[in-house]
Amino acid sequence: MTADSQEPHTVPVMIIGAGPVGLSLALGLARHGVRSVLLERQRTTSERSKAPALHLRTREILRQWGVEHTLREAGTLLERMPVYTAAGRRLLEFDFTRLSGEAQRPGILFLEQGRTEQLLLEALRTTGYCDVRFGAEVTGVEHGTEHTAVTYSQGATEHVLRAGFLVGCDGARSTVRSALGLPFDGAVLPIRATLADVRVTDGRDTLPWPRSHNGTRGITGAQRLAPGHWRLVRVEPTGRAPDGPPAQGEEVTAQEVEAWVSEVLGPGPAPVVWASRFQFQRRSSPRYRVGRVLLAGDAAHVFPPVMGQGMNAGIQDTHNLAWKLAAALDGGDVEALLASYDEERRHAVGTVSRYVERRARLGVQTPRAVRSAAMALMRAAMAVPALRDRSLRSLAMLDRGYRASPLLDPADRAAGVRLPDPELGDPQGGPVRLHDALPAGAALLRLGTRQSEAAQTLRLAGSERVPVLHVGPGGHSDPSGALRTLLGAAEGWILVRPDRHVAWARTSSQGLAASVRTALGRL
């Protein structure tokens, strides 16, 4: 192997892993005007369907980055999602349209992960801000106080590349995490899962979906990813000890898949396109950041794929991180910004992970009769508006907020909550969603009295400014009252971070500039 020293002195950000998380981070950085290098050991993006569900909160992020519409056109958006038994009886329905007051086009987008990665890569390449290098396998990581050096091989040549910041998005067996010496603590759950993609080209392809069969030995589900392309999901208790060996790599037989197809779709041919078996796990790194090296997605955390929230949580990691890296590179408070990523995301992902594990244990490890009773209880709960809306928000991942961090004070009203996205009236009277009315970066919402033209931005220091969006007489209108509810008053200020989470909501302008600087990690 030969060495090649013809590399830039230092790139701003280096990303390891070109799955949906790494691609999303590079795209988010590009939208903030930050250049990056993305290394991927495989020769291309994945061709497998893997994680095919994009939840509403993730779609909001991708919409902010200008790619959600493209993905939505390529997939199937279920705004109302009835769940059917194998006999075609409706078990219950998730009516996401009930969230339309606080979000645009609510629902779950079903799209093969391989296609998601292709479209993210295409969008990323159009920005011109990322150098994507496939076939590049990382062999060494040395991190220092000012930069990180990464050694990687590409073909017969070894390269050394330095970066101001390094982010490992390289999966559960992360090379970056191992180089940091961080453990991946957790447990293997006594639940085995099998994914299988099959081709169905007869009349069964028109069956309503998703479908679920509650069997004696486990649960079988089916989703239609594209015409003639169905995803089977089989989960069953294994009886293994929680710390026993995982089922990764165990063969999935054609006879097993044929039986599962018969359970949920009926008998008939269904050639297997791809299949994979694995054990449910819940693991996490104790830290998502060491110095200028950070972890995101499965490199930082893995949990059971119940409700399809794993990949979504990883993309949400990148939403939190992208603007903070951009701010750090722009002279911000590096320590506060990176520490806030670690604290905010570990708390948020931990909440998701515990919730998903409880649902997995209840839905799989319990006897069939208990699972049936739990489904009946859920059906009854969905008839109660407050419980229904809470369940829908949780499934859509709209309820994921952040607690205290170096950028957030829990004493502040609304600190860390996701900014709702109601439909506003623009100054000319036309409809516009709040998220679409905001700039790409941070913004101040000014609620109440008429605002003069001279106060359209808040000046912090020199040329440093934060745009102000006026909601009130002479500006935008909010018929929903969502922003007044968030503020707890008719007059005041709401600071919105670039990731569309609220930093604080206040009724007084005293100390406003200093509070903005602190919340945005500006020195």
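**Sheets, helices and a pocket in the predicted model**

Helix H9 (residues 368–381) lies across strands S7, S14 and S15, and runs at about 45° to S7. The model described here is a predicted one. The three strands crossed by H9 belong to an open sheet of 8 strands, in which the order is S7-S6-S14-S15-S16-S13-S17-S20 and the pairing is mixed. At the edges of this sheet stand S7 (90–95) and S20 (301–302), each of which pairs on one side only.

Within the 8-stranded sheet, S13 lies between S16 and S17 in the strand order. With S17 (residues 272–284), strand S13 (residues 185–199) pairs in the antiparallel sense over 11 bridges. In this pairing, Ala196 is placed opposite Ala275 of S17. The pairing of S13 with S16 (residues 229–237) is likewise antiparallel and extends over 9 bridges. Here Leu195 faces Val233 of S16, and Ala193 stands opposite Val235 of S16. A second helix, H6 (residues 254–264), lies across S13, S14, S15 (219–226), S16 and S17, and its direction is at about 100° to S16.

The loop that connects S13 to S14 (211–214) contains Pro210. The peptide bond between Trp209 and Pro210 is cis, with omega about 0°. Another backbone feature occurs in the loop between helix H10 (385–396) and strand S21 (423–425), where Met397 is found. Although Met397 is not a glycine, its phi is positive, at about 65°.

A further open sheet consists of 3 strands in the order S4-S8-S5, and its pairing is antiparallel. S4 (53–54) and S5 (76–78) are the edge strands, each with a single partner strand, so one side of each has no neighbour in the sheet. S5 is joined to S8 (residues 108–110) by 3 bridges, and these two strands run antiparallel. Across this pairing, Leu78 stands opposite Ile108 in S8.

Helix packing is illustrated by H7 and H8 (residues 334–365), whose axes come within 9 Å and cross at roughly 170°. Because an angle over 145° counts as roughly antiparallel, H7 is therefore roughly antiparallel to H8. The contact involves, on the H7 side, Ala313, Gln316, Asp317, Asn320, Leu321, Trp323, Lys324, Leu325, Ala327 and Ala328. On the H8 side, the contact is made by Val334, Leu337, Leu338, Ser340, Tyr341, Glu344, Arg345 and Val349. By residue class, the contact of H7 with H8 comprises 11 nonpolar, 3 polar and 4 charged residues.

Helix H7 also takes part in a pocket. The second largest pocket has a volume of about 460 Å³. It is lined by 20 residues, of which Trp323, Ala326, Ala327, Asp330 and Arg522 are the closest to its centre. Trp323 and Ala327 are also among the H7 residues that make the contact with H8. Both H7 (310–329) and strand S25 (464–471) supply at least two residues of the lining of the second largest pocket. The largest share of this lining comes from S25, with 4 residues. In composition, the lining of the second largest pocket divides into 11 nonpolar, 5 polar and 4 charged residues.

Notes: Residues numbered from 1 in each chain as written. Predicted model: local features only at pLDDT ≥ 70, side-chain atom pairs only at ≥ 80, totals over all residues. Heavy atoms only, no water. 1 Å grid on protein atoms, 1.4 Å probe; cavity = no way out; pocket = protein on both sides within 12 Å on 5 of 7 lines; lining within 4 Å. Points joined across faces, edges and corners; volume = space filled by probe spheres on them. Nonpolar A, V, L, I, M, F, W, Y, C, P; charged D, E, K, R; others polar. Axes fitted to C-alpha atoms, helices over the stretch in contact; angles between N-to-C directions. Parallel < 35°, antiparallel > 145°, perpendicular 65-115°, else oblique. Contact = heavy atoms within 4.5 Å. Pairing = 2+ DSSP bridges.
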